[in-house]
Amino acid sequence: MFFTFSFSLQKPRFASVNRMLAILIPFALLIGLGCSQRPSFFVEEGDLSFDVDTVYFDSIFVNFDSPTERLVVSNNSGKNIRISKIEFENGADFALIFDGLVSNVIEDYELADGDSAIAFISFNAEVKDEFLRDKLLFTVGDQTQDVDIEAYVFDGIFLSDSLLTPPFGNSVVWDPSLRYVVDGPLVIPEGVTLVIPSGTSVYFTPRKDEQFNLTSSIIVYGTLRMLGEKGNEVFFQQTRFGDRYEETPGQWRGIAFASTSRSNIIRHSVIKNGLIGVYQEYANNGVFAKVLLENTEIRNMAAYGIYGADLTLQLDTYPLIQANNCLVHNNSEGNLRIAGGGYYEFNHCTFVNYSLDFSRSTPMLIIGNYGIDGQSAIELPTKVNFTNCIVWGSEDEEYVQDTLPNSSFEITFDHSMIRTTLPLHGSNTVTGTDPLFPQFVKASAAEPDERDYRLEASSPAVDAGVPVSGLTSDLDALPRDAQPDIGAYEYRE
(Lines give C-alpha, C1' and ligand atoms only; values in the text may rest on other atoms or scores of the structure.)
Protein backbone atom coordinates (compact mmCIF):
# COMPACT_ATOMS: atom_id res chain seq x y z
CA MET A 1 0.00 0.00 0.00
CA PHE A 2 1.43 3.36 -1.00
CA PHE A 3 1.90 6.41 1.19
CA THR A 4 1.84 4.39 4.41
CA PHE A 5 3.78 5.08 7.60
CA SER A 6 2.92 3.49 10.93
CA PHE A 7 3.68 4.03 14.59
CA SER A 8 2.75 2.03 17.68
CA LEU A 9 1.55 3.36 21.01
CA GLN A 10 1.11 1.66 24.35
CA LYS A 11 -2.19 2.35 26.13
CA PRO A 12 -1.89 3.77 29.66
CA ARG A 13 -3.32 1.96 32.64
CA PHE A 14 -6.20 4.30 33.30
CA ALA A 15 -7.89 2.22 36.00
CA SER A 16 -4.90 2.16 38.37
CA VAL A 17 -4.16 5.85 37.72
CA ASN A 18 -7.75 6.81 38.52
CA ARG A 19 -7.68 4.87 41.79
CA MET A 20 -4.47 6.64 42.81
CA LEU A 21 -5.94 10.05 41.97
CA ALA A 22 -9.06 9.25 43.99
CA ILE A 23 -6.84 8.67 47.02
CA LEU A 24 -4.45 11.58 46.56
CA ILE A 25 -6.74 14.43 45.50
CA PRO A 26 -8.62 14.80 48.84
CA PHE A 27 -5.33 14.92 50.72
CA ALA A 28 -3.95 17.49 48.29
CA LEU A 29 -7.01 19.67 48.76
CA LEU A 30 -6.72 19.52 52.53
CA ILE A 31 -3.04 20.43 52.40
CA GLY A 32 -3.72 23.28 49.97
CA LEU A 33 -6.52 24.71 52.12
CA GLY A 34 -4.38 24.56 55.21
CA CYS A 35 -1.28 26.14 53.70
CA SER A 36 -2.51 28.83 51.29
CA GLN A 37 -3.40 32.29 52.45
CA ARG A 38 -4.46 35.06 50.07
CA PRO A 39 -2.54 38.34 50.44
CA SER A 40 -4.62 41.23 51.77
CA PHE A 41 -2.69 44.12 50.21
CA PHE A 42 -2.44 44.79 46.44
CA VAL A 43 -0.86 47.75 44.68
CA GLU A 44 -1.47 49.28 41.23
CA GLU A 45 2.16 49.15 40.17
CA GLY A 46 4.60 46.56 38.84
CA ASP A 47 5.29 44.74 35.59
CA LEU A 48 3.51 41.62 34.36
CA SER A 49 5.21 38.99 32.21
CA PHE A 50 3.75 36.95 29.36
CA ASP A 51 4.71 33.58 27.89
CA VAL A 52 4.56 35.06 24.34
CA ASP A 53 4.69 38.57 22.94
CA THR A 54 2.24 37.75 20.12
CA VAL A 55 -0.78 35.44 20.09
CA TYR A 56 -0.95 33.89 16.64
CA PHE A 57 -4.00 32.17 15.22
CA ASP A 58 -2.64 29.49 12.85
CA SER A 59 -5.44 30.19 10.39
CA ILE A 60 -9.12 30.96 10.52
CA PHE A 61 -11.47 29.81 7.79
CA VAL A 62 -14.96 31.18 8.23
CA ASN A 63 -16.44 27.75 7.43
CA PHE A 64 -14.63 26.08 10.36
CA ASP A 65 -15.10 26.53 14.08
CA SER A 66 -12.82 29.23 15.40
CA PRO A 67 -9.67 28.03 17.18
CA THR A 68 -8.83 29.23 20.69
CA GLU A 69 -5.35 30.39 21.65
CA ARG A 70 -3.87 30.62 25.15
CA LEU A 71 -1.84 33.34 26.87
CA VAL A 72 -0.20 32.89 30.29
CA VAL A 73 0.07 36.07 32.37
CA SER A 74 2.50 35.93 35.32
CA ASN A 75 3.41 38.22 38.20
CA ASN A 76 7.08 37.93 39.12
CA SER A 77 7.45 41.54 40.19
CA GLY A 78 7.88 40.97 43.92
CA LYS A 79 4.61 42.84 44.52
CA ASN A 80 0.96 41.83 44.72
CA ILE A 81 -0.52 43.59 41.68
CA ARG A 82 -4.01 44.88 41.09
CA ILE A 83 -4.68 45.05 37.32
CA SER A 84 -7.11 47.93 36.97
CA LYS A 85 -8.31 46.92 33.48
CA ILE A 86 -7.87 44.11 30.93
CA GLU A 87 -9.37 44.81 27.49
CA PHE A 88 -8.83 44.63 23.74
CA GLU A 89 -7.58 47.72 21.99
CA ASN A 90 -10.19 47.37 19.23
CA GLY A 91 -12.56 45.01 20.94
CA ALA A 92 -14.74 43.69 18.10
CA ASP A 93 -12.92 40.78 16.48
CA PHE A 94 -11.90 38.63 19.47
CA ALA A 95 -13.46 37.23 22.65
CA LEU A 96 -11.77 36.78 26.03
CA ILE A 97 -12.00 34.35 28.93
CA PHE A 98 -9.55 35.39 31.65
CA ASP A 99 -9.10 33.09 34.64
CA GLY A 100 -12.65 31.83 34.12
CA LEU A 101 -14.15 35.32 33.74
CA VAL A 102 -16.03 35.61 30.44
CA SER A 103 -15.82 39.25 29.40
CA ASN A 104 -13.92 41.48 27.00
CA VAL A 105 -13.44 44.06 29.76
CA ILE A 106 -12.23 42.93 33.18
CA GLU A 107 -11.57 45.41 35.97
CA ASP A 108 -9.70 45.28 39.28
CA TYR A 109 -8.22 41.81 38.85
CA GLU A 110 -5.77 40.90 41.62
CA LEU A 111 -2.71 38.79 40.85
CA ALA A 112 -0.48 37.86 43.77
CA ASP A 113 3.29 37.82 43.48
CA GLY A 114 4.46 34.50 42.04
CA ASP A 115 1.01 33.62 40.63
CA SER A 116 -0.15 33.23 37.02
CA ALA A 117 -3.47 33.44 35.21
CA ILE A 118 -4.51 32.06 31.82
CA ALA A 119 -6.29 34.02 29.12
CA PHE A 120 -8.19 32.14 26.39
CA ILE A 121 -8.68 34.20 23.24
CA SER A 122 -11.03 33.20 20.44
CA PHE A 123 -12.05 34.72 17.12
CA ASN A 124 -15.38 36.54 17.14
CA ALA A 125 -15.98 38.21 13.77
CA GLU A 126 -17.67 37.59 10.42
CA VAL A 127 -15.03 39.11 8.16
CA LYS A 128 -13.56 37.24 5.19
CA ASP A 129 -10.25 37.42 3.38
CA GLU A 130 -8.53 39.77 5.81
CA PHE A 131 -5.48 39.89 8.04
CA LEU A 132 -6.64 41.08 11.47
CA ARG A 133 -4.54 42.62 14.22
CA ASP A 134 -5.47 43.64 17.73
CA LYS A 135 -3.82 44.05 21.15
CA LEU A 136 -4.80 42.75 24.57
CA LEU A 137 -4.11 45.60 27.00
CA PHE A 138 -3.21 45.23 30.68
CA THR A 139 -3.42 48.50 32.65
CA VAL A 140 -1.71 48.67 36.04
CA GLY A 141 -1.95 52.16 37.54
CA ASP A 142 -0.77 54.61 34.91
CA GLN A 143 1.18 51.98 32.94
CA THR A 144 -0.20 49.80 30.12
CA GLN A 145 1.40 46.61 28.75
CA ASP A 146 0.11 44.83 25.67
CA VAL A 147 0.27 41.55 23.78
CA ASP A 148 -0.25 41.53 20.00
CA ILE A 149 -2.91 39.32 18.42
CA GLU A 150 -2.72 38.27 14.76
CA ALA A 151 -5.22 36.26 12.72
CA TYR A 152 -5.57 35.37 9.06
CA VAL A 153 -9.19 35.00 8.00
CA PHE A 154 -10.17 33.22 4.79
CA ASP A 155 -13.22 31.94 3.00
CA GLY A 156 -12.86 28.55 1.34
CA ILE A 157 -14.38 25.41 -0.18
CA PHE A 158 -13.89 22.54 2.29
CA LEU A 159 -13.26 18.98 1.21
CA SER A 160 -13.14 16.61 4.17
CA ASP A 161 -12.48 12.89 3.55
CA SER A 162 -13.79 13.40 0.03
CA LEU A 163 -14.22 11.30 -3.09
CA LEU A 164 -14.12 13.63 -6.10
CA THR A 165 -17.35 13.19 -8.07
CA PRO A 166 -17.95 15.12 -11.31
CA PRO A 167 -21.40 16.72 -11.58
CA PHE A 168 -21.43 15.45 -15.17
CA GLY A 169 -18.90 13.85 -17.53
CA ASN A 170 -15.60 12.63 -16.09
CA SER A 171 -13.77 15.82 -15.12
CA VAL A 172 -13.90 18.50 -12.43
CA VAL A 173 -12.46 21.99 -13.01
CA TRP A 174 -11.81 24.08 -9.90
CA ASP A 175 -12.47 27.82 -9.79
CA PRO A 176 -9.20 29.78 -9.31
CA SER A 177 -11.09 32.61 -7.59
CA LEU A 178 -11.89 30.26 -4.67
CA ARG A 179 -9.65 28.75 -2.00
CA TYR A 180 -9.83 24.99 -1.55
CA VAL A 181 -9.13 23.38 1.82
CA VAL A 182 -8.39 19.65 1.95
CA ASP A 183 -9.01 18.01 5.33
CA GLY A 184 -8.02 14.33 5.31
CA PRO A 185 -7.61 12.46 2.01
CA LEU A 186 -9.15 13.75 -1.21
CA VAL A 187 -9.41 10.80 -3.61
CA ILE A 188 -9.54 11.22 -7.39
CA PRO A 189 -11.05 7.90 -8.56
CA GLU A 190 -10.02 6.00 -11.66
CA GLY A 191 -11.44 7.54 -14.81
CA VAL A 192 -11.88 10.99 -13.26
CA THR A 193 -9.71 14.04 -14.02
CA LEU A 194 -9.25 16.99 -11.66
CA VAL A 195 -8.13 20.18 -13.44
CA ILE A 196 -6.64 22.92 -11.25
CA PRO A 197 -6.24 26.12 -13.31
CA SER A 198 -3.52 28.74 -12.92
CA GLY A 199 -3.79 30.95 -9.87
CA THR A 200 -5.57 28.37 -7.71
CA SER A 201 -4.51 28.00 -4.06
CA VAL A 202 -5.07 24.69 -2.28
CA TYR A 203 -4.58 24.39 1.49
CA PHE A 204 -4.14 21.22 3.54
CA THR A 205 -4.97 20.92 7.23
CA PRO A 206 -2.50 19.33 9.71
CA ARG A 207 -5.00 16.59 10.56
CA LYS A 208 -3.61 13.32 11.94
CA ASP A 209 -5.03 9.85 12.55
CA GLU A 210 -4.91 7.90 15.81
CA GLN A 211 -1.31 6.86 15.05
CA PHE A 212 -0.35 10.52 14.55
CA ASN A 213 0.12 10.10 10.80
CA LEU A 214 -0.69 13.15 8.67
CA THR A 215 -3.75 12.41 6.54
CA SER A 216 -4.53 15.53 4.49
CA SER A 217 -3.47 14.66 0.95
CA ILE A 218 -4.56 14.12 -2.63
CA ILE A 219 -4.57 10.47 -3.73
CA VAL A 220 -4.83 10.06 -7.48
CA TYR A 221 -6.25 6.91 -9.06
CA GLY A 222 -7.40 8.90 -12.08
CA THR A 223 -5.66 12.02 -13.43
CA LEU A 224 -4.49 15.31 -11.89
CA ARG A 225 -3.77 18.37 -14.03
CA MET A 226 -2.21 21.35 -12.20
CA LEU A 227 -1.99 23.94 -14.98
CA GLY A 228 -0.26 26.99 -13.57
CA GLU A 229 1.43 29.75 -15.52
CA LYS A 230 4.52 31.82 -14.78
CA GLY A 231 3.51 34.52 -12.31
CA ASN A 232 0.16 32.80 -11.73
CA GLU A 233 1.22 29.48 -10.25
CA VAL A 234 -0.87 26.81 -8.59
CA PHE A 235 -0.01 26.66 -4.86
CA PHE A 236 -0.24 23.61 -2.59
CA GLN A 237 0.52 24.49 1.01
CA GLN A 238 -0.58 24.34 4.65
CA THR A 239 -3.59 25.97 6.34
CA ARG A 240 -1.44 27.46 9.09
CA PHE A 241 -0.04 30.93 8.54
CA GLY A 242 2.39 33.32 10.18
CA ASP A 243 6.16 33.24 10.44
CA ARG A 244 6.18 30.01 12.46
CA TYR A 245 4.53 27.99 9.71
CA GLU A 246 5.28 29.72 6.43
CA GLU A 247 8.37 27.59 5.67
CA THR A 248 7.92 24.67 8.10
CA PRO A 249 7.98 21.07 6.78
CA GLY A 250 5.56 18.30 7.71
CA GLN A 251 2.23 20.15 7.92
CA TRP A 252 0.30 17.92 5.46
CA ARG A 253 0.94 14.63 3.70
CA GLY A 254 1.45 15.18 -0.03
CA ILE A 255 0.29 14.07 -3.48
CA ALA A 256 0.22 10.31 -4.19
CA PHE A 257 -0.26 8.65 -7.57
CA ALA A 258 -1.62 5.08 -7.46
CA SER A 259 -1.35 2.13 -9.87
CA THR A 260 -4.24 3.15 -12.18
CA SER A 261 -3.25 6.82 -12.42
CA ARG A 262 -1.89 8.09 -15.73
CA SER A 263 -1.05 11.20 -17.80
CA ASN A 264 -0.74 13.57 -14.84
CA ILE A 265 0.64 17.09 -15.35
CA ILE A 266 2.03 19.45 -12.71
CA ARG A 267 3.04 22.69 -14.43
CA HIS A 268 4.15 26.03 -12.97
CA SER A 269 3.23 24.98 -9.45
CA VAL A 270 4.65 25.39 -5.94
CA ILE A 271 4.32 22.44 -3.55
CA LYS A 272 5.62 23.11 -0.06
CA ASN A 273 5.61 22.23 3.65
CA GLY A 274 4.34 18.66 3.43
CA LEU A 275 5.72 15.19 4.12
CA ILE A 276 6.36 13.93 0.55
CA GLY A 277 5.75 16.34 -2.31
CA VAL A 278 5.15 13.85 -5.14
CA TYR A 279 4.79 10.15 -4.34
CA GLN A 280 4.48 7.80 -7.31
CA GLU A 281 4.03 4.06 -7.07
CA TYR A 282 3.65 1.17 -9.55
CA ALA A 283 4.19 1.00 -13.30
CA ASN A 284 3.20 3.43 -16.03
CA ASN A 285 0.38 2.00 -18.18
CA GLY A 286 -0.09 5.15 -20.28
CA VAL A 287 1.47 6.49 -23.48
CA PHE A 288 2.99 9.58 -21.80
CA ALA A 289 4.94 10.17 -18.62
CA LYS A 290 2.82 9.05 -15.69
CA VAL A 291 3.70 12.28 -13.86
CA LEU A 292 5.04 15.22 -15.90
CA LEU A 293 6.57 17.95 -13.74
CA GLU A 294 7.33 21.19 -15.56
CA ASN A 295 8.61 24.51 -14.20
CA THR A 296 7.65 23.46 -10.69
CA GLU A 297 9.17 24.07 -7.25
CA ILE A 298 8.99 21.50 -4.43
CA ARG A 299 10.39 22.54 -1.06
CA ASN A 300 10.31 22.03 2.69
CA MET A 301 9.17 18.40 2.80
CA ALA A 302 9.70 16.52 6.07
CA ALA A 303 10.70 13.39 4.12
CA TYR A 304 11.31 13.62 0.35
CA GLY A 305 10.57 16.10 -2.41
CA ILE A 306 9.98 13.32 -4.95
CA TYR A 307 9.60 9.60 -4.15
CA GLY A 308 9.15 7.02 -6.89
CA ALA A 309 8.86 3.23 -7.16
CA ASP A 310 7.92 0.93 -10.03
CA LEU A 311 7.90 -2.49 -8.31
CA THR A 312 7.47 -4.40 -11.60
CA LEU A 313 9.82 -6.68 -13.53
CA GLN A 314 9.44 -4.94 -16.90
CA LEU A 315 10.80 -1.49 -17.72
CA ASP A 316 8.11 0.94 -18.89
CA THR A 317 8.17 2.51 -22.36
CA TYR A 318 7.37 5.95 -20.97
CA PRO A 319 8.77 7.49 -17.76
CA LEU A 320 7.08 7.16 -14.42
CA ILE A 321 8.22 10.70 -13.68
CA GLN A 322 9.61 13.23 -16.14
CA ALA A 323 10.74 16.54 -14.65
CA ASN A 324 11.76 19.56 -16.74
CA ASN A 325 12.98 22.91 -15.36
CA CYS A 326 12.17 21.96 -11.76
CA LEU A 327 13.66 23.22 -8.49
CA VAL A 328 13.58 20.70 -5.62
CA HIS A 329 15.18 21.92 -2.41
CA ASN A 330 15.32 22.04 1.38
CA ASN A 331 13.72 18.62 2.01
CA SER A 332 14.63 16.96 5.30
CA GLU A 333 15.34 13.36 4.23
CA GLY A 334 16.28 14.05 0.63
CA ASN A 335 15.19 15.69 -2.59
CA LEU A 336 14.81 12.58 -4.74
CA ARG A 337 14.34 8.96 -3.64
CA ILE A 338 13.86 6.24 -6.22
CA ALA A 339 13.08 2.85 -4.70
CA GLY A 340 12.14 -0.28 -6.56
CA GLY A 341 13.46 0.56 -10.01
CA GLY A 342 11.60 2.16 -12.90
CA TYR A 343 12.23 4.61 -15.74
CA TYR A 344 12.73 8.32 -14.93
CA GLU A 345 13.83 11.41 -16.87
CA PHE A 346 15.17 14.65 -15.33
CA ASN A 347 16.09 17.59 -17.59
CA HIS A 348 17.35 21.01 -16.47
CA CYS A 349 16.52 20.32 -12.81
CA THR A 350 18.22 21.81 -9.75
CA PHE A 351 18.29 19.59 -6.66
CA VAL A 352 19.72 21.55 -3.74
CA ASN A 353 19.88 20.88 0.02
CA TYR A 354 21.91 23.13 2.30
CA SER A 355 20.19 21.89 5.48
CA LEU A 356 20.02 25.21 7.29
CA ASP A 357 16.67 24.54 8.97
CA PHE A 358 17.19 20.90 9.96
CA SER A 359 19.89 18.31 10.58
CA ARG A 360 20.59 15.84 7.79
CA SER A 361 23.12 13.04 7.45
CA THR A 362 21.83 11.27 4.33
CA PRO A 363 22.49 12.17 0.68
CA MET A 364 19.77 14.11 -1.11
CA LEU A 365 19.73 11.67 -4.06
CA ILE A 366 19.13 7.94 -3.44
CA ILE A 367 18.47 5.50 -6.28
CA GLY A 368 17.55 1.86 -5.66
CA ASN A 369 17.02 -1.05 -8.05
CA TYR A 370 15.22 -3.70 -6.01
CA GLY A 371 12.02 -4.59 -4.22
CA ILE A 372 11.23 -6.91 -1.34
CA ASP A 373 9.08 -10.01 -1.91
CA GLY A 374 8.55 -11.65 1.46
CA GLN A 375 12.05 -12.10 2.83
CA SER A 376 13.83 -11.84 -0.53
CA ALA A 377 15.20 -8.86 -2.45
CA ILE A 378 14.32 -8.92 -6.15
CA GLU A 379 16.25 -6.96 -8.74
CA LEU A 380 14.05 -4.57 -10.74
CA PRO A 381 14.85 -2.87 -14.07
CA THR A 382 16.15 0.63 -13.45
CA LYS A 383 16.77 3.47 -15.88
CA VAL A 384 17.31 7.05 -14.68
CA ASN A 385 18.59 9.83 -16.91
CA PHE A 386 19.81 13.23 -15.70
CA THR A 387 20.53 15.83 -18.39
CA ASN A 388 21.70 19.37 -17.57
CA CYS A 389 20.96 18.83 -13.87
CA ILE A 390 22.58 20.14 -10.68
CA VAL A 391 22.68 17.88 -7.59
CA TRP A 392 24.49 19.78 -4.85
CA GLY A 393 24.34 20.51 -1.15
CA SER A 394 26.01 20.68 2.23
CA GLU A 395 26.84 16.97 2.65
CA ASP A 396 30.20 15.64 1.44
CA GLU A 397 28.33 12.89 -0.41
CA GLU A 398 25.00 13.79 -1.98
CA TYR A 399 24.40 10.60 -3.99
CA VAL A 400 24.06 6.95 -3.06
CA GLN A 401 23.25 3.89 -5.16
CA ASP A 402 21.03 1.62 -3.09
CA THR A 403 21.53 -1.35 -5.39
CA LEU A 404 21.91 -5.09 -5.06
CA PRO A 405 25.44 -6.53 -5.39
CA ASN A 406 26.42 -7.49 -8.93
CA SER A 407 23.12 -6.15 -10.30
CA SER A 408 22.54 -4.16 -13.46
CA PHE A 409 21.08 -0.67 -13.73
CA GLU A 410 21.35 2.35 -15.99
CA ILE A 411 21.87 5.65 -14.21
CA THR A 412 23.23 8.31 -16.56
CA PHE A 413 24.42 11.84 -15.85
CA ASP A 414 24.85 13.90 -19.01
CA HIS A 415 26.25 17.45 -18.85
CA SER A 416 25.40 17.71 -15.15
CA MET A 417 26.98 18.73 -11.86
CA ILE A 418 26.79 16.45 -8.84
CA ARG A 419 28.52 16.52 -5.46
CA THR A 420 29.73 12.94 -5.16
CA THR A 421 32.81 10.80 -4.89
CA LEU A 422 31.22 7.90 -6.81
CA PRO A 423 32.19 7.05 -10.39
CA LEU A 424 29.40 8.11 -12.76
CA HIS A 425 28.10 6.84 -16.07
CA GLY A 426 27.58 9.58 -18.67
CA SER A 427 29.42 12.43 -20.34
CA ASN A 428 30.61 15.94 -19.51
CA THR A 429 29.51 15.74 -15.87
CA VAL A 430 31.36 17.68 -13.17
CA THR A 431 31.85 16.42 -9.63
CA GLY A 432 33.48 18.13 -6.65
CA THR A 433 33.55 18.63 -2.89
CA ASP A 434 33.22 22.42 -2.50
CA PRO A 435 29.73 22.99 -1.00
CA LEU A 436 29.25 26.25 -2.93
CA PHE A 437 30.89 25.12 -6.17
CA PRO A 438 27.87 25.74 -8.46
CA GLN A 439 28.01 29.44 -7.43
CA PHE A 440 24.35 30.17 -6.91
CA VAL A 441 23.32 33.76 -6.30
CA LYS A 442 22.45 33.07 -2.64
CA ALA A 443 22.49 29.37 -1.87
CA SER A 444 23.02 29.26 1.87
CA ALA A 445 20.98 32.23 3.08
CA ALA A 446 19.52 31.68 6.53
CA GLU A 447 15.98 32.57 5.47
CA PRO A 448 14.25 30.32 2.87
CA ASP A 449 12.73 33.25 1.02
CA GLU A 450 16.20 34.75 0.60
CA ARG A 451 17.67 31.72 -1.16
CA ASP A 452 18.24 32.18 -4.86
CA TYR A 453 19.43 29.24 -6.97
CA ARG A 454 19.97 31.25 -10.12
CA LEU A 455 23.56 31.22 -11.37
CA GLU A 456 26.33 33.73 -10.87
CA ALA A 457 28.19 34.87 -13.99
CA SER A 458 31.27 32.91 -12.87
CA SER A 459 29.37 29.65 -12.29
CA PRO A 460 30.84 26.60 -14.08
CA ALA A 461 27.24 25.69 -14.98
CA VAL A 462 26.95 28.63 -17.39
CA ASP A 463 27.05 27.49 -21.05
CA ALA A 464 27.95 23.96 -19.90
CA GLY A 465 24.74 22.21 -20.93
CA VAL A 466 23.51 20.53 -24.08
CA PRO A 467 20.28 21.43 -25.96
CA VAL A 468 17.27 19.32 -24.98
CA SER A 469 14.49 19.00 -27.52
CA GLY A 470 11.44 21.04 -26.58
CA LEU A 471 13.06 22.87 -23.64
CA THR A 472 13.64 26.33 -25.06
CA SER A 473 12.88 28.27 -21.85
CA ASP A 474 13.85 27.98 -18.17
CA LEU A 475 12.00 27.94 -14.82
CA ASP A 476 11.49 31.70 -15.11
CA ALA A 477 9.91 31.14 -18.56
CA LEU A 478 12.85 33.03 -20.10
CA PRO A 479 14.48 31.72 -23.30
CA ARG A 480 17.54 29.49 -23.23
CA ASP A 481 20.31 30.21 -25.73
CA ALA A 482 21.94 27.81 -28.17
CA GLN A 483 24.44 26.76 -25.48
CA PRO A 484 22.14 26.32 -22.48
CA ASP A 485 23.23 26.44 -18.85
CA ILE A 486 23.03 23.52 -16.44
CA GLY A 487 20.17 23.62 -13.94
CA ALA A 488 16.67 25.03 -13.83
CA TYR A 489 17.73 28.63 -14.52
CA GLU A 490 19.48 30.20 -17.51
CA TYR A 491 21.96 32.85 -16.44
CA ARG A 492 20.90 36.45 -17.03
CA GLU A 493 23.18 39.50 -16.76
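Let's start at Gln-314, which sits in the loop that links strand E25 (304-309) to strand E26 (321-324). The model is a predicted one, and in it Gln-314 counts as exposed because its relative accessibility is 62%, where the cut-off for exposed is over 50%. Along the chain, Gln-314 and Thr-382 are 68 residues apart, yet 9.4 Å separates their C-alpha atoms.

From the loop we can follow strand E26 into a sheet. Here 10 strands make up an open sheet with parallel pairing, running in the order E12-E14-E17-E20-E23-E26-E29-E34-E37-E39. At its edges lie strand E12 (171-173) and strand E39 (425-427), each of which pairs on one side only. From one strand to the next, the twist averages 10 degrees.

For a look at one pairing within this sheet, take strand E14 (residues 193-197) and strand E17 (residues 223-227): five bridges join them in the parallel sense. In this pair, Ile-196 stands opposite Met-226 of E17.

Now for the cysteines. How many disulfides does the structure hold? There are zero. Cys-326 shows why a bond is missing: its sulfur lies 4.7 Å from the closest cysteine sulfur, that of Cys-349, which is too far, since a disulfide needs the two sulfur atoms within 2.5 Å. Cys-389 is likewise in no disulfide, and its nearest cysteine sulfur, again in Cys-349, is 4.7 Å away.

Are Cys-326 and Cys-389 buried or exposed? Cys-326 counts as buried because its relative accessibility is 3%, and Cys-389 counts as buried at 1%; the cut-off for buried is under 20%.

Note on methods. Residues are numbered from 1 along each chain as its sequence is written. This is a predicted model: local features need pLDDT of at least 70, side-chain atom pairs count only at pLDDT 80 or more; totals for chains, interfaces and linings use all residues. Side-chain values use heavy atoms; hydrogens and water are left out. Helices (H or I, at least four residues) and strands (E, at least two) are DSSP runs, numbered from the N terminus. Buried means under 20% relative accessible area, exposed over 50%, partly exposed in between (1.4 Å probe, protein chains only). Two strands pair if DSSP finds at least two bridges between them. Axes are lines fitted to C-alpha atoms, for helices over the stretch in contact, and angles run from 0 to 180 degrees between N-to-C directions.
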